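Could you walk me through this model in my viewer? I would like to know what to select at each stop and what I will find there.

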Amino acid sequence: MTTAKTPRIDGERLLRRLNDLGAIGAIDGGGCARLALTDADKAGRDLVCGWMRELGLSVSIDAIGNAVGIRAGRRPGPPVMAGSHIDTVRTGGRYDGNLGVLAGLEVVAALNDAGVETEHPLAVAFFTNEEGSRFAPDMMGSLVFTGELPLATALDTVGIDGARVGDELARIGYAGDTPVPHPAPRAYVELHIEQGPVLDHESVEIGVVESVQGISWTEIEIGGVSNHAGTTPMSLRCDPGWAAGSIIAFVRELARELGGSQVATVGRIEFFPNLINVVPERAVLTVDLRNTDETTLQQAEARLHAHLDALRAQEKVTITTRRLARFEPVPFAPEMTALIERHAKAQGRSTRRLPSGAGHDAQILAAVCPAAMIFVPSVEGISHNVREFTPPDQLEAGANVLLSVLCELAGADA
Ligand code: GLV
Ligand code: MN
Ligand code: MN
């Protein structure tokens, strides 16, 4: 005999939590700066772990700082997991990652309110350093969770500010004692904002994510001869600044020529000594290349390296490269994609299948269990920007799809 009611997402409660978390590390324009393992990240973690405990979840922190809150099922075994991340880029919005975690908590709250039990345990997780802006690679926590990245390698990673992951984890009190890697969850579902323009432009309510595109991150260090900007003839220069500019122009042209889904970005650049009247001695920049097609992505990488060879010969600079991250395109399990589509349609939502342009923890979890993603629209496709926005009714619609998908996967009371 069951007295369970039908669980329902409370959109206002979800929004309240998004706003409360968004107030931590808040920056002008309504966004957030909670770079991984900073004091702001710690404060965000404390808030979310507190909510997990209030909801009755049993919370564990693992050795890379991933947090997992478990709601027991009728029988033991691997949980059905919802998750994402709560770290942000330095100029982030309040939805990227946070939505997936807080919608997972809202699902738990809805089940608790309705008195619904599940056959299998249900887990809500947030993974450490998904963004990768401070410490590369991105998706670091989920990579360690699944065993794809050794813990020691992750802990020894040094960030853009010279800090070490292991030291920062210990400093903020999130070097937990749950061992990694974890046993595989039964399934993993991540609700996320699209972060691109497709759903918004086409007025589609729910994106059914079929795959995540491949990602290639390279740091390039160029060495030359620092000299006086006024006295050094152009013909005698060995200028890392010029070489860096040439790389920026080259990757834009490369993406144009390759066409299709190819994108290319130089997002970080530093000159040393960075003075107006000094030919720089050194330049460091990053190149982010992405494509849904692995072969084309490899072509893009090869052409970038050929360009670096040409620069070495032409400007007599030294160039060294360091691979910061490399992920092949990941297809999601077709039965999971179909499940999300079926539940969204059953709720009367318009749907569209699409690939993800951004990297996500779900693509890492996909290696160990059936994984899937639900997208909701991003207004004007703006993300990694304080202007990131998704209207409340669309957040609620996405959370309701997450709720019913998790209920089916976890075997909730009918
Ligand atoms: C993570 O947000 C990425 O796709 O860079
Ligand atoms: Mn994200
Ligand atoms: Mn992001």
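Start by selecting Arg290 together with ligand 1: a polar side-chain atom of Arg290 sits 2.8 Å from an oxygen atom of the ligand. Keep in mind as you go that this is a predicted model.

Stay with ligand 1 and add Glu131, where an N or O atom of the side chain is 2.9 Å from an oxygen atom of the ligand. Then bring in Gly359; here a backbone N or O atom lies 2.7 Å from an oxygen atom of ligand 1. How much of the accessible area that ligand 1 has on its own does the protein cover? Of those 190 Å², the protein covers 95%.

To see the whole shell, select Glu130, Glu131, Trp217, Arg290, Ala358, Gly359 and His384, the residues around ligand 1. Colour them by class and you will find three charged, two polar and two nonpolar residues.

Next, move to the manganese ion (ligand 2). Show the side chains of His85, Asp96 and His192: the ion is coordinated by NE2 of His85, OD of Asp96 and NE2 of His192, at 2.0 to 2.3 Å. Along the sequence, these donor residues follow the spacing H-x10-D-x95-H. Now display the manganese ion (ligand 3) as well; the manganese ions (ligand 2 and ligand 3) are 3.6 Å apart, and Asp96 coordinates both. Asp96 belongs to the loop between E5 and H3, while His192 is in strand E7 (residues 187-193), so this pair ties together parts that are 96 residues apart in sequence. Are Asp96 and His192 buried or exposed? Both are buried.

From Asp96, step back to Gly93, which is in the loop between strand E5 (80-84) and helix H3 (98-114). Gly93 counts as buried because its relative accessibility is 2%, under the 20% cut-off. Which residues should you light up around Gly93, leaving aside neighbours within four places in sequence? Select Gly31, Cys32, Thr88, Asn98, Asn385, Val386 and Glu388, with which Gly93 is in contact. For a distance to draw, join the C-alpha atoms of Gly93 and Pro79: these residues are 14 apart along the chain, and the atoms are separated by 30 Å.

For the last stop, go to helix H8 (residues 240-258) and pick out Ser246. Ser246 is buried, with a relative accessible area of 14%. Add His307 and Leu311 to the selection, since Ser246 is in contact with both, leaving aside its neighbours within four places in sequence.

Notes: Residues numbered from 1 in each chain as written. Chains lettered and ligands numbered in written order. Predicted model: local features only at pLDDT ≥ 70, side-chain atom pairs only at ≥ 80, totals over all residues. Heavy atoms only, no water. Helix = DSSP H or I, 4+ residues; strand = E, 2+ residues; numbered from the N terminus. Buried < 20%, exposed > 50% of the residue type's maximum accessible area, 1.4 Å probe, protein only. Contact = heavy atoms within 4.5 Å. Donors = N, O, S within 2.8 Å, 3.2 Å for Na, K, Ca; no water. Near = heavy atom within 4 Å. Polar contact = N/O pair within 3.5 Å; in protein donor to acceptor, adjacent residues only side chain to side chain. Areas by Shrake-Rupley, 256 points an atom, 1.4 Å probe, with all protein chains shown as cover. Nonpolar A, V, L, I, M, F, W, Y, C, P; charged D, E, K, R; others polar.
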